[in-house]
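Q: Could you take one part of this model and walk me through it closely? I'd like to start with the place where the two chains meet, then see what sits behind it on either side.

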Amino acid sequence: MVTTLLDARRARRIAEQVPDPELPMLTLADLGVLRGVEMTEGGTVVASLTPTYSGCPAMAEMRAGVAARLRDAGYARVEIRTVLDPPWTSDWITPAGRRKLAEHGIAPPGAAPVRAAGPVPLVLAPTRRSVPCPRCGSADTEETSRFAATSCKALWRCLACREPFEYVKEI
Amino acid sequence: MSDDHVYLTLAEGHEDDARWAYGTGFEDPLHGVDTAVPEGVDAGELADLCVTLADDALVSAQRLAEWTTRAPELEEEVALANIGLDLLGQARLLYSRAGQVDGTGRGEDAFAYFRDAGDFRSVRLAELPNGDFAFSIVRLLVLSSWRLAHFERLTAHRDPVLAAIAAKGVKELAYHRQYAAEWAVRLGDGTEESHRRMRRAQEQVAPYLGELFTACDVRDEVVAVLRQVTEAAGLPMPVYGPLPGSGRAGEHTGHLAPLLAELQGVARAHPEATW
């Protein structure tokens with residue numbers, strides 16, 4: 001029993017270190033898409049992953065990456081499960097993940113909007129939000145596009161240092 | 001995989017399913033999800049509902065993808081392609097769910113590539129050609145508002161898989177609607193030319209609105225959103241009348257078959273191929 005627990009903990013540590021295919025400075029654990037690693041009584045490692053967005057084209061790559069790392073570490077029986085509920089939120093990006101994003105010039109997300117019951121309100125008035133520039137720290141920044149090279153990011157630019165930067169959207 | 005560049009990884013040889021999802025022959029996106037249908041849920045109805053919602057998304061995604069290399073600015077091209085990708089992802093999950101519960105065990109490819117226009121249940125508004133940017137924005141505003149309202153309700157569906165797909169989709173659709181609404185205001189309240197184009201787009205969309213609101217419990221909510229946007233944009237509220245026929249019954253305009261021919265051509269010419 002103790003061996004199994006230790007083994008499960010080791011399997012978790014290995015799965016946690018798999019890098020994200022699209023944001024390779026982050027591990028799947030940093031991004032919050034690795035939802036759990038467990039060991040069944042029969043000795044199968046079950047790792048659970050959740051997609052960031054429905055259209056994430058890298059899910060198969062992530063599954064294969066986790067399975068390969070675990071097999072390389074000596075786990076013969078590995079099962080990867082997809083978890084859709086609860087849906088991924090940018091709030092699950094860990095403090096370490098946020099720090100790594102900023103170090104790579106990508107502004108980390110603020111707190112995800114809290115959904116009240118009922119219809120999602122549409123706000124047309126300009127929203128005053130400040131995303132600090134990940135390079136120079138200035139708050140004098142503006143959004144250039146809410147969509148960017150991957151679903152999870154928006155394009156911003158800094159008006160102080162004039163550098164464009166990416167920003168992980170709150171969702 | 002190489003961390004250098006994502007495109008290099010696309011060109012690398014891959015084993016098993018370690019590929020990015022851009023072609024055919026992918027493993028089910030619901031891989032490892034509990035596939036049981038809860039007691040009291042009619043499997044046939046659930047499958048039909050999933051296919052209907054998936055068809056709307058797939059056809060919309062194809063039209064949005066057509067903007068690639070043709071959008072007014074690079075940022076808009078990226079935005080429209082991203083919105084299309086979200087919808088494609090929703091379609092993949094929904095087709096997979098449909099194949100699980102309808103007893104056939106069909107995968108997503110069977111639904112997307114090997115059905116003809118008459119088998120598609122998408123609304124006709126989704127299949128109309130892109131027209132100008134104004135038309136695409138008005139259509140996106142209508143379809144994203146309508147789909148968002150539906151998905152909000154579906155988060156309480158008794159099938160936990162459909163409810164989870166909807167909960168994920170709500171977050172995405174809120175971004176799509178926001179994008180379309182902001183452009184609608186910018187263009188409607190912009191120059192004389194942009195305002196004129198938006199008026200024309202509204203007239204072109206109007207005949208297809210009736211179909212969205214047939215037997216529909218989200219009408220008031222969608223109308224309220226459209227009113228909010230048109231007022232801010234200085235545009236009139238579109239007046240719509242029922243157009244005979246229904247995409248939900250497989251009755252489509254002549255625009256769907258050519259769209260599907262382009263979407264399905266390679267998969268049908270090489271049915272066993274994966275890429």
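A: Here's a walk through the contact between the chains, followed by a look at each chain in turn.

One thing up front: this is a predicted model. The contact takes 34 residues from chain A and 50 residues from chain B. On the chain A side, three elements each put in at least two residues: helix H3 (59-72), strand S3 (78-82) and strand S5 (141-145). H3(A) gives the largest share of that side, with five residues. If you sort the chain A residues that touch chain B by character, you get 21 nonpolar, six polar and seven charged.

Now for what's behind that side. Chain A has four helices and seven strands, and along the sequence they run α-α-β-β-α-β-α-β-β-β-β. Its C-alpha atoms fill a box of roughly 55 × 40 × 30 Å along the principal axes. Of the 171 residues in chain A, 40% are buried. Take the contacts in chain A with a separation of 6 or more: 54% of them are between residues 24 or more positions apart.

UniProt has something to say about part of this chain, too. An unreviewed entry there places the feature "domain: MIP18 family-like" at residues 16-72 of chain A. In the model, that stretch is 33% helix and 19% strand, and its end C-alpha atoms are 14 Å apart.

A good residue to zoom in on is A:Leu34, which lies in strand S1 (residues 34-39) of chain A. A:Leu34 counts as buried because 23 other C-beta atoms lie within 10 Å, and the cut-off for that is 20 or more. Skipping the neighbours within four places in sequence, A:Leu34 is in contact with A:Ala15, A:Glu16, A:Leu28, A:Ala29, A:Ala47 and A:Leu49. A:Val66 sits 32 residues away from A:Leu34 along the chain, and the C-alpha atoms of the two are separated by 9.5 Å.

Over to the partner. Chain B has eleven helices and zero strands, so its pattern along the sequence reads α-α-α-α-α-α-α-α-α-α-α. Buried residues come to 45% of the 275 in chain B. Among the contacts in chain B with a separation of 6 or more, 76% involve residues 24 or more positions apart.

Two helix pairs in chain B are worth a look. In one, helix H2 (residues 43-65) of chain B packs on helix H3 (residues 74-101) of chain B at an angle of about 155 degrees, with the axes 7 Å apart. That angle is why H2(B) counts as roughly antiparallel to H3(B), the cut-off being over 145 degrees. The crossing of H2(B) and H3(B) is left-handed. The residues of that contact divide into 22 nonpolar, three polar and one charged.

The other pair is helix H6 (residues 133-154) of chain B with helix H10 (residues 219-233) of chain B, whose axes come within 9 Å and cross at roughly 140 degrees. H6(B) and H10(B) make a right-handed crossing. From H6(B) you have B:Leu141, B:Ser145, B:Trp146 and B:Ala149, and they meet B:Glu221, B:Val222, B:Val225, B:Leu226 and B:Val229 of H10(B). By character, the residues of the contact between H6(B) and H10(B) are seven nonpolar, one polar and one charged.

Terms used. Residues are numbered from 1 along each chain as its sequence is written. Chains are lettered from A and ligands numbered from 1 in the order in which they are written. This is a predicted model: local features need pLDDT of at least 70, side-chain atom pairs count only at pLDDT 80 or more; totals for chains, interfaces and linings use all residues. Two residues are in contact if their C-beta atoms, placed from the backbone, lie within 7 Å. Ala, Val, Leu, Ile, Met, Phe, Trp, Tyr, Cys and Pro count as nonpolar, Asp, Glu, Lys and Arg as charged, and the others, Gly among them, as polar. A residue is buried if 20 or more other C-beta atoms lie within 10 Å of its own, exposed if 12 or fewer, and partly exposed in between; C-beta atoms are placed from the backbone. UniProt positions are given in the numbering used here, feature names are shortened, and annotations may be inferred rather than shown by experiment. Axes are lines fitted to C-alpha atoms, for helices over the stretch in contact, and angles run from 0 to 180 degrees between N-to-C directions. Angles under 35 degrees count as roughly parallel, over 145 as roughly antiparallel, 65 to 115 as roughly perpendicular and the rest as oblique. A crossing is left-handed if the near helix is turned anticlockwise from the far one by less than a right angle, and right-handed if clockwise.
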